[in-house]
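Please open the model in the viewer and follow the stops below in turn. The tour visits a ligand site and then a sheet.

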Amino acid sequence: MAALPSGAAEPRRQSSGAEESARLSALRGYCVLDTGREARFDDLTCLASSICETPVSLVSLVDRERLFFKSAHGMDVRELPYPDFFCGHAIRQRDVFVVPDAAQDPRFANHPLVADSPRVRFYAGAPLITPQDYVLGTLCVVDFVPRQLNPKQLESLRILARQVMCQLELNLQAMRDPLTELYNRRQLEEGLHREVLRARRIGAPVGVMAIDVDHFKRVNDSLGHEAGDIALRGIAEELALCVREEDIACRAGGEEFVIILPGTGEAALRSRAEAVRSTIERARIPAGDGTLKLTVSIGLASFPAYGDSGPAVLRAADVALYKAKAAGRNRVVICTPSGAHDSSSAKAA
Ligand code: GH3
Ligand code: MG
Ligand code: MG
């Protein structure tokens with residue numbers, strides 16, 4: 001017997017595949033999955049447990065095939081392979097989702113965590129709603145006896161969920177380059193480090209593209225710095241169109257960009273890079289009052305073939321980029337692990 005608190009908004013309609021994939025993409029954009037514990041989130045779950053008088057409180061993010069807990073108060077758990085458990089239902093609501101007694105609720109009574117140890121009985125989860133209206137997960141409280149929250153506790157849970165969302169937003173701002181809204185240099189280094197660790201664990205490759213706009217100084221010199229900024233934004237928009245959900249597109253600095261491609265080995269990396277190069281070559285990049293034709297040079301490298309750490313792979317991609325410039329620009333170069341190079345997709349500049 002599930003119950004919404006009185007005054008709760010109507011449940012959101014079941015999300016379509018496209019909506020769910022946009023939601024997952026938004027969740028990945030916050031770069032919080034698989035990150036470690038942080039006191040500012042732990043403080044909020046501690047407060048939620050204390051105010052709601054429950055032994056457990058979690059910041060739960062609903063990923064494609066799991067729940068990832070950014071913070072877990074009162075329970076030593078990092079993730080659960082049950083995306084459709086309580087939190088999976090809670091993210092389809094606009095208000096707190098309450099299950100007073102899971103053992104009496106046909107949706108949850110047979111779930112292993114309800115039927116067996118730890119015999120969860122009570123759940124209340126406030127949705128974590130982004131400014132773009134995606135629900136990433138919940139701030140939830142859990143108990144092992146049936147119960148309810150009083151109106152003050154419900155309101156406190158809503159407020160604390162908004163505070164969790166504020167922390168996630170602050171993270172996002174600290175990760176983004178303000179001009180292009182791509183990830184910044186710091187996130188490039190942290191993201192690459194994280195992806196290399198993950199790839200090492202699962203035995204997968206990580207591809208890296210180092211991208212530099214050709215003769216960009218001429219844009220500033222002829223049209224002015226402001227038009228140059230507009231052109232950089234236009235290039236970033238074109239790059240963003242070339243990336244998949246799991247890729248990390250960054251502005252490394254100036255007119256240099258890096259795309260991290262988890263799970264992408266050499267052959268796929270070459271063809272993805274060639275697609276980026278030709279996308280930019282074909283695009284009309286806005287600048288000043290008109291548009292510009294610009295090109296990029298791209299250096300490629302991948303983990304583990306070209307380096308055994310994030311910085312080593314990035315250095316190898318930079319060496320390849322330097323060679324692409326020296327060979328005439330508007331081309332893709334991948335260095336061989338021994339340092340020789342081949343121009344896989346050379347075009348006359
Ligand atoms: P190359 O093909 O060798 O890369 O030539 P380039 O002119 O692109 O390279 P160079 O490194 O000489 O110049 C980079 C230019 O990018 C110089 C700098 O003014 C410009 N630039 C860097 N950051 C920004 C920015 O944030 N806004 C603008 N408008 N220009 C920038
Ligand atoms: Mg440069
Ligand atoms: Mg350049």
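The model is a predicted one. Begin by selecting ligand 1 together with the 16 residues around it; those that come nearest are Phe 216, Asn 220, Asp 229, Arg 251 and Arg 329.

Next, display the polar contacts to oxygen atoms of ligand 1. At Phe 216, a backbone N or O atom lies 2.7 Å from a ligand oxygen. Two acidic residues follow: Asp 212 places a polar side-chain atom 2.8 Å from an oxygen atom of the ligand, and for Glu 255 the corresponding side-chain distance is 3.0 Å. On its own, ligand 1 has 650 Å² of accessible area, of which the protein covers 68%.

Now colour the shell by residue class: 8 of its residues are charged, 5 polar and 3 nonpolar. Which elements each supply at least two residues of this shell? Select β7 (206–213), α7 (216–223) and α8 (225–241) to see them. The largest share, 4 residues, belongs to α8.

Leave the ligand and turn to the open sheet, whose 6 antiparallel strands are ordered β3-β2-β1-β6-β5-β4. At its edges stand β3 (79–80) and β4 (97–99); each has a single partner strand, so one side of each lacks a neighbour in the sheet.

Within the sheet, select residues 122–129 (β5) and 135–143 (β6), an antiparallel pair joined by 8 bridges. One pairing to pick out is that of Tyr 123 with Val 142 in β6.

Finally, select helix α2 (residues 39–52), which packs on the sheet and touches β1 (56–62), β2 (67–73) and β6. The direction of α2 makes about 70 degrees with that of β2.

Technical notes
Residues are numbered from 1 along each chain as its sequence is written. Chains are lettered from A and ligands numbered from 1 in the order in which they are written. This is a predicted model: local features need pLDDT of at least 70, side-chain atom pairs count only at pLDDT 80 or more; totals for chains, interfaces and linings use all residues. Side-chain values use heavy atoms; hydrogens and water are left out. A residue is near a molecule or strand if one of its heavy atoms lies within 4 Å of it. A polar contact is a pair of N or O atoms within 3.5 Å; within protein, one must be able to donate a hydrogen and the other to accept it, and residues adjacent in sequence count only if both atoms are side-chain atoms. Accessible areas come from the Shrake-Rupley method with a 1.4 Å probe; for residues, only the protein chains shown count as cover. Ala, Val, Leu, Ile, Met, Phe, Trp, Tyr, Cys and Pro count as nonpolar, Asp, Glu, Lys and Arg as charged, and the others, Gly among them, as polar. Two strands pair if DSSP finds at least two bridges between them. Contact means heavy atoms within 4.5 Å. Axes are lines fitted to C-alpha atoms, for helices over the stretch in contact, and angles run from 0 to 180 degrees between N-to-C directions.
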